[in-house]
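Student: I would like a close look at one part of this structure, the interior, and then at the loops that connect to it or sit around it. Please take it slowly, and give the residues and the numbers as you go.

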Amino acid sequence: MKNVVELFNRLQGDLPFEAKYLQYSKEDKLVHVLYLSPFLNATGYYRMIAPMLEMNRTSTHRAIINQVHKWDFSKQFEQYDNPLDERLIL
């Protein structure tokens, strides 16, 4: 759980791109997997956050999460702000 809280705090802060996405590197010759805006609930954790944490332990893949949202049952996914840096898509 400590890793999830650190990830959430890092992605919420106003950090530069390199500090925010530590796993990203163009020259590492690994397969990059991008997870888009999971929620901090059981579904978001088991579908996106836990696989991302495990995938980053391998020597062949790197997973990146662009943003983590706190779960609010009264909101739809479209009501959340989901910014995506174009460097993550390239």
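Tutor: What follows begins with the core, goes on to the packing of two helices, and then works through the loops and the charged pairs.

Please keep in mind throughout that this is a predicted model, and that every value below is computed from it.

The largest nonpolar core is made up of 16 residues, and the ones with the most contacts inside it are Tyr21, Ile65 and Val68. Three elements give two or more residues to this core, namely helix 1 (2-12), helix 3 (42-55) and strand 3 (61-65), and the largest share, four residues, is that of helix 1. As a general point, nonpolar side chains in soluble globular proteins tend to be buried together. Tyr21 is a good residue from which to look around: once residues up to four places away in sequence are left out, Tyr21 touches Leu11, Ile64, Ile65, Asn66 and Leu88. One of those partners, Ile65, is itself among the residues with the most contacts inside the core.

From here the packing of the two helices can be examined. Helix 1 and helix 3 meet at an angle of about 95 degrees, and their axes are 11 Å apart; an angle from 65 to 115 degrees counts as roughly perpendicular, and the two helices are therefore roughly perpendicular to each other. On the helix 1 side the residues in the contact are Asn3, Val4 and Leu7, and they meet Tyr45, Ile49, Met52 and Leu53 of helix 3. Sorted by type, the residues of this contact are six nonpolar and one polar, with no charged residue.

Moving from helix 3 towards strand 3, you come to the loop that holds Asn56. Asn56 counts as buried because its relative accessibility is 18%, where buried means under 20%. Apart from residues up to four places away in sequence, Asn56 touches Gln23, His61, Arg62 and Ala63, and of these His61 falls within the range of strand 3 (61-65). Arg57, in contrast, counts as exposed at 65% relative accessibility, and Arg57 forms a salt bridge with Glu54, with the closest N and O atoms 3.6 Å apart. Glu54 is partly exposed, with a relative accessible area of 45%.

The search of the whole structure finds two salt bridges, and the other pair joins Arg87 to Asp85, where the closest N and O atoms are 3.1 Å apart. Arg87 counts as partly exposed at 37% relative accessibility, and Asp85 is likewise partly exposed, with a relative accessible area of 24%.

Beside that pair in sequence are two residues of the loop between strand 4 (69-70) and helix 4 (86-89), Pro83 and Leu84. Pro83 counts as partly exposed at 44% relative accessibility, and Leu84 also counts as partly exposed, at 36%. Leaving aside neighbours within four places in sequence, Pro83 is in contact with Asn66 and Gln67, while Leu84, looked at in the same way, is in contact with Leu34, Leu36, Asn66 and Ile89. Asn66 therefore comes up again here, since Tyr21 touches it too. Leu84 can also be placed relative to helix 3: its C-alpha is 17 Å from that of Met52, with the two positions 32 residues apart in sequence.

Pro83 also leads to Ser37, since the two are 46 residues apart in sequence and 8.9 Å apart in space, C-alpha to C-alpha. Ser37 belongs to the loop between strand 1 and strand 2 (39-40), and it counts as buried because its relative accessibility is 4%. The phi of Ser37 is positive, about 50 degrees, although the residue is not a glycine. Lys29 has a positive phi as well, near 55 degrees, and is likewise a residue other than glycine. Lys29 lies in the loop between helix 2 (17-20) and strand 1 (31-35), and, at 78% relative accessibility, Lys29 counts as exposed, whereas Ser37 counts as buried.

Definitions and conventions:
Residues are numbered from 1 along each chain as its sequence is written. This is a predicted model: local features need pLDDT of at least 70, side-chain atom pairs count only at pLDDT 80 or more; totals for chains, interfaces and linings use all residues. Side-chain values use heavy atoms; hydrogens and water are left out. A nonpolar core is a set of buried Ala, Val, Leu, Ile, Met, Phe, Trp, Tyr and Cys residues joined through side-chain atoms within 4.5 Å. Buried means under 20% relative accessible area, exposed over 50%, partly exposed in between (1.4 Å probe, protein chains only). Contact means heavy atoms within 4.5 Å. Axes are lines fitted to C-alpha atoms, for helices over the stretch in contact, and angles run from 0 to 180 degrees between N-to-C directions. Angles under 35 degrees count as roughly parallel, over 145 as roughly antiparallel, 65 to 115 as roughly perpendicular and the rest as oblique. Ala, Val, Leu, Ile, Met, Phe, Trp, Tyr, Cys and Pro count as nonpolar, Asp, Glu, Lys and Arg as charged, and the others, Gly among them, as polar. A salt bridge is a side-chain nitrogen of Lys or Arg within 4 Å of a carboxyl oxygen of Asp or Glu.
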